[in-house]
Amino acid sequence: VIKCKAAVAWEAGKPLSIEEVEVAPPKAHEVRIKIVATAVCHTDAYTLSGADPEGCFPVILGHEGAGIVESVGEGVTKVKKGDTVIPLYIPQCGECKFCKNPKTNLCQKIRITQGKGVMPDGTSRFTCKGKQIYHFMGTSTFSEYTVVADISVAKIDAAAPLDKVCLLGCGISTGYGAALNTAKVEPGSTCAVFGLGGVGLAVIMGCKVAGASRIIGIDINKDKYAKAKEFGATECISPKDFKKPIQEALVEMTDGGVDYSFECIGNVGIMRAALEACHKGWGVSVIVGVAAAGQEISTRPFQLVTGRTWKGTAFGGWKSVDNVPKLVTEYMAKKIKVDEFVTHTLPFDKINEAFELMHSGK
């Protein structure tokens, strides 16, 4: 058993608490990882807020991390002690019907136990003050050591800077893949990206790589425009600057609507606007943001009857074990930006400050 520091969420709506936790050794087909760096994501904040129906407490949150394999359980063949890895919240077992289908990346092998906050055998590897602590998204990167299923880990280039590539565990891969894999953006097309946070910037990067000629960034926070343009946005607008709904403004600006739109916020009203900003006959709108529990999307069926397509994506459609190492290689070859997504680097015990920075849009 390893004793180490972790940021524990004891209950919903309260700040994280840095505690000493015990991390049990990995069982069969499990891997124990020394986490070197972790990022914070709105998904962690969503669960911490208490709005997540799958949220269980007390829990160690975090799902954008990178580290070194400390030990492996019986039967583990894909990684060994000392390997550099990224934990994966969407695993890839290679055996379920989802993994065998090229149309999806949503491996279901450990979905049920992962959603309940436990390892595939139904138990937890974390204890603190004598209490069992739940796992989160199969990763729990807000701990100096974590245990994950062997199908939830990608072995990456040992030379990669872990304080940067940890972002490929969620946000960057999600946005980049939404443009390339889910929408399949075509050269010369016009795109609209709603929400210019990390995921929105990654979508812009993907649209640019795909050869889009016009990329419109949309956010009410104008402080984000300079960064969006650095990533490839050709222009940025705020819905607050128009008297009419933003979809109507976009339809006017683009001679009938955009070819591709992306909702990167998790707001069902914006999801509708993003669909309705698409061009009749061929427009495709991709939902990337995660809406709160129980919310529903709506539009007039005529929007779809007249040739628009509404899609969704998780982790950018990447089959995780296969593609995360390739994304790291692309970054190392300077084909995709990663460093530019990092605004602040804080010590682990300042993790609550990191959430404050995220909530303030900084």
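## Exercises on a predicted two-domain annotation

The span of residues 28-156 is 13% helix and 30% strand, and its end C-alpha atoms lie 22 Å apart; helices (H or I, at least four residues) and strands (E, at least two) are DSSP runs, numbered from the N terminus. The model is predicted, with local features needing pLDDT of at least 70 and side-chain atom pairs counting only at pLDDT 80 or more, while totals for chains, interfaces and linings use all residues. Residues are numbered from 1 along each chain as its sequence is written, and side-chain values use heavy atoms, with hydrogens and water left out.

**Exercise 1. Relate the two annotated spans to their secondary structure.**

Step 1: In the UniProt record, an unreviewed entry, residues 28-156 carry the annotation "domain: Alcohol dehydrogenase-like N-terminal"; UniProt positions are given in the numbering used here, feature names are shortened, and annotations may be inferred rather than shown by experiment.

Step 2: For residues 198-327, UniProt lists "domain: Alcohol dehydrogenase-like C-terminal", again from an unreviewed entry. Over residues 198-327 the chain is 38% helix and 15% strand, with the end C-alpha atoms 16 Å apart.

**Exercise 2. Work out the order of the five-stranded antiparallel sheet and identify its edges.**

Step 1: The five strands follow the order β4-β1-β2-β7-β8 in an open sheet with antiparallel pairing, where two strands pair if DSSP finds at least two bridges between them.

Step 2: β4 (59-60) and β8 (131-133) each have a single partner strand, so one side of each is left without a neighbour in the sheet.

Step 3: At the β4 edge, strand β1 (residues 2-9) pairs with β4 in the antiparallel sense over two bridges, and V8 stands opposite I60 in β4.

**Exercise 3. Locate two backbone features in loops and state what sets them apart.**

Step 1: Most residues other than glycine have a negative phi, and most peptide bonds are trans.

Step 2: F57 and P58 are joined by a cis peptide bond with omega of about -5°, and P58 is found in the loop between α1 (42-49) and β4.

Step 3: S140, a residue other than glycine, has a positive phi near 50°, and its place is in the loop between β8 and β9 (145-149).

**Exercise 4. Describe the six-stranded parallel sheet and the helices that lie across it.**

Step 1: The order in this open sheet is β13-β12-β11-β14-β15-β16, and the pairing is parallel. β13 (235-237) and β16 (309-312) stand at the edges with a single partner strand each, so each has one side without a neighbour in the sheet. On average, with direction ignored, neighbouring strands of this sheet are turned by 20° against each other.

Step 2: Strand β11 (residues 190-194) runs parallel to strand β14 (residues 260-263), to which four bridges join it, and the bridge partner of V193 in β14 is F262.

Step 3: α6 lies across β11, β12 (214-218) and β14 and runs at about 170° to β11, whereas helix α8 (residues 246-253) lies across β11, β12 and β13 and runs at about 160° to β12. Axes are lines fitted to C-alpha atoms, for helices over the stretch in contact, and angles run from 0 to 180 degrees between N-to-C directions; contact means heavy atoms within 4.5 Å.

**Exercise 5. Classify the packing of α1 against α12 by angle and by residue type.**

Step 1: α1 and helix α12 (residues 351-359) pack at an angle of about 105°, with their axes 11 Å apart.

Step 2: The two helices α1 and α12 are therefore roughly perpendicular to each other, given that angles under 35 degrees count as roughly parallel, over 145 as roughly antiparallel, 65 to 115 as roughly perpendicular and the rest as oblique.

Step 3: H42, D44 and A45 of α1 make the contact with F355, M358 and H359 of α12. These residues divide into three nonpolar, two polar and one charged, where Ala, Val, Leu, Ile, Met, Phe, Trp, Tyr, Cys and Pro count as nonpolar, Asp, Glu, Lys and Arg as charged, and the others, Gly among them, as polar.
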